[in-house]
Amino acid sequence: MVTSTGLRVAVVGSGPAGIYTANELVTAHPDITVDIFERLPVPMGLLRYGVAPDHTAIKSAAAVFEDVLAHPAVRLFCNVEVGGALSVDDLRQRYHAVVYATGASTGERLGIPGEDLQGSHSAAAFVAWYNGHPDAAGFRLRTVRAVGVVGAGNVALDVARMLLKAPVELRCTDIPAPVLDELESSAVTDVHLFVRRGAADTKFTTKELRELGGLAGVDIVVDPAHVAGARSDGLPAAAARNLNLFHAWSERPLSQAPRRMHLHFEARPVAVLGADRVTAIRLERSAEPVSELSLDLLLRSIGYRPRPIAGVPSVDDTGTVPHRGHRVERDGEIAAGEYAVGWVKRGATGVLGTNRADAEETAAAILADHPALLRRLDGGDADVLVTLLAERGVTPLDYGAWQAIARSENELGARLGRTRVKLHEWEALLAAGRS
Ligand code: NAP
């Protein structure tokens, strides 16, 4: 067990932002130790539960994160909820600095009638399901033909791709076995993407958009009338590249492929329709009468907001932690020894690497405060936390447990004739971690 007379830092959340911050701190100063707390039984956050399973190049960042978790000055406490089994004050009393890195996992709401009908979900719930998140509810796709996805960001593209891609191409990923079974039985033939702005104004990353155009057995349907007036002159480079792609797709003859991806521009959902479950969506389109389109499933992919952490302030509009210079604000004043990083600080924007730059900034603030932080706590010992957790009936899963879970997932993969296959249930993860 690590004991230290130096700076003790608690990081709440083991996703990319938290792990990058831990790395910055322990590599900056030999006298800093970091304990990472994670509500789930496994670390890695968005990398494991947000990034789509077929984006293996992005997932390869896991190797870097493993090195950080294995660092002798870093300890991992999974299966420990801060704001639950441990309070924020438990941490503030025992660590010189506490860093909130809990991300943003709740899907934003449209605020339109019918949004809560059965068959209407946030993309966050669908992403959690296909990534084997242990809190995810199941999805049944075998009677679903037409799916609507609202939003024009990269998550919308991930969701559309996972619905349309040939499941055989997912066998080389770690997607959980029941999810792969369901995708293999899927009846989905049409995915409709509803973009509220015009074709010249989308937030997609062009690389991800091109990937959709390259899917086997999928036609991309773009109404030429909806892109005809849009010109790429003067647009930001990414928006111009996207628009050129939409023009090319609108001119491409359809191949009678078994599945279709329809792009609807300037299409604003105003109501989700159905008696007890979703049957259609009502759309307002510029210069066109209100229209309705039949759907069996609707996924809203319009951004994420952070889950509140008990004992930590949040900004009403965004759900983010209020901060000044990466230091948490309580009642308008900087709270000594509290910091934020990643999506819980800046909202759900940016790609994985954005969190690295963000972590460098938060870590720099902690390092700048280092002498004052050491004075903030007189003595104290983070190791009594282990006893405290035991008294509260919580058994944390450490880095060794995470390695045991990884071994179990590799063994499961070998049994199924695949590479690693994720465990997706709490009990299975806890059992594997304790084996
Ligand atoms: P996002 O990029 O912010 O996109 C959200 C979309 O929802 C926007 O198109 C927005 O439209 C639309 N929207 C918001 N409110 C709406 C409403 N009421 N009605 C209709 N549309 C609405 O969010 P995201 O897709 O959830 O992605 C979050 C972050 O993760 C992004 O930075 C993204 O790039 C990143 N990410 C990256 C990858 C990757 O690198 N492969 C994969 C997934 C996610 P407006 O544009 O009109 O506001």
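Mentor: Before we start, here's how elements get their names: helices (H or I, at least four residues) and strands (E, at least two) are DSSP runs, numbered from the N terminus. Also keep in mind that this is a predicted model.

Trainee: Okay, let's begin at helix α6. Which residue just after α6 takes a positive phi?

Mentor: Helix α6 spans residues 123-130. Just past α6 the chain takes a positive phi of about 70°, and the residue there is glycine 132.

Trainee: And how many of the residues of α6 are buried?

Mentor: Among the covered ones are Phe126, Trp129 and Tyr130. Ala123, Ala124, Val127 and Ala128 are buried too. That makes α6 mostly covered, and the count of buried residues, out of 8, is 7.

Trainee: Now the open sheet. Which strands are its edge strands?

Mentor: The open sheet has 6 strands with parallel pairing, in the order β6-β14-β7-β8-β10-β9. An edge strand pairs on one side only, and here that goes for β6 (120-122) and β9 (218-222).

Trainee: By how many degrees are neighbouring strands of this sheet turned against each other on average?

Mentor: Think of the order again, β6-β14-β7-β8-β10-β9. Ignoring direction, the average turn between neighbours in this sheet is 20°.

Trainee: Let me zoom in on one pair there. Which residue in β14 stands opposite valine 150?

Mentor: Strand β7 covers residues 146-150 and strand β14 covers residues 297-300. The two run parallel, joined by 4 bridges. Across from valine 150 you'll find arginine 300.

Trainee: What about β11 and β12: which residue of β12 is the bridge partner of arginine 268?

Mentor: β11 (residues 267-273) and β12 (residues 280-285) run antiparallel, with 6 bridges joining them. They make a hairpin with 6 residues between the strands, and glycine 274 in that turn has a positive phi of about 150°. Look across from arginine 268 and the partner in β12 is glutamate 284.

Trainee: β12 has another hairpin, with β13. Which residue in its turn has a positive phi?

Mentor: β12 and β13 (residues 288-294) run antiparallel, with 5 bridges between them. In that pairing, alanine 280 stands opposite serine 294. The hairpin leaves 2 residues between the strands, and the turn residue with a positive phi, about 60°, is alanine 287.

Trainee: Over to β18. Which residue of β18 stands opposite tyrosine 100?

Mentor: β18 (residues 333-340) pairs in the parallel sense with β4 (residues 97-100) over 3 bridges. Opposite tyrosine 100 sits alanine 340.

Trainee: And β17, which runs antiparallel to β18: which residue takes a positive phi in their hairpin?

Mentor: 3 bridges join β17 (residues 327-330) to β18, with glutamate 329 standing opposite isoleucine 334. The hairpin has 2 residues between its strands, and the one with a positive phi, near 50°, is aspartate 331.

Trainee: Is histidine 326 buried or exposed?

Mentor: Histidine 326 belongs to the loop between β16 (323-324) and β17. Its phi is positive, about 75°, although it isn't a glycine. Buried means under 20% relative accessible area. Histidine 326 comes in at 16%, so it counts as buried.

Trainee: Why does asparagine 79 count as buried?

Mentor: Asparagine 79 lies in the loop between β3 (74-78) and α5 (88-94), and its phi is positive, near 65°. The cut-off for buried is under 20%. Asparagine 79 counts as buried because its relative accessibility is 18%.

Trainee: Now the ligand. How many residues surround the ligand?

Mentor: Among the closest are Ala152, Asn154 and Arg197. Helix α7 (residues 154-164) gives the most to the shell, with 3 residues. By type, the shell divides into 10 nonpolar, 8 polar and 5 charged. The number surrounding the ligand is 23.

Trainee: How much of the ligand's own accessible area does the protein cover?

Mentor: Start with some contacts: one oxygen distance is 2.8 Å, to an N or O atom in the side chain of arginine 196. For polar backbone atoms, an oxygen of the ligand is 3.0 Å from valine 155 and one is 2.7 Å from glycine 350. Alone, the ligand has 920 Å² of accessible area, and the share covered by the protein is 82%.

Terms used:
Residues numbered from 1 in each chain as written. Predicted model: local features only at pLDDT ≥ 70, side-chain atom pairs only at ≥ 80, totals over all residues. Heavy atoms only, no water. Pairing = 2+ DSSP bridges. Near = heavy atom within 4 Å. Polar contact = N/O pair within 3.5 Å; in protein donor to acceptor, adjacent residues only side chain to side chain. Areas by Shrake-Rupley, 256 points an atom, 1.4 Å probe, with all protein chains shown as cover. Nonpolar A, V, L, I, M, F, W, Y, C, P; charged D, E, K, R; others polar. Buried < 20%, exposed > 50% of the residue type's maximum accessible area, 1.4 Å probe, protein only. Axes fitted to C-alpha atoms, helices over the stretch in contact; angles between N-to-C directions.
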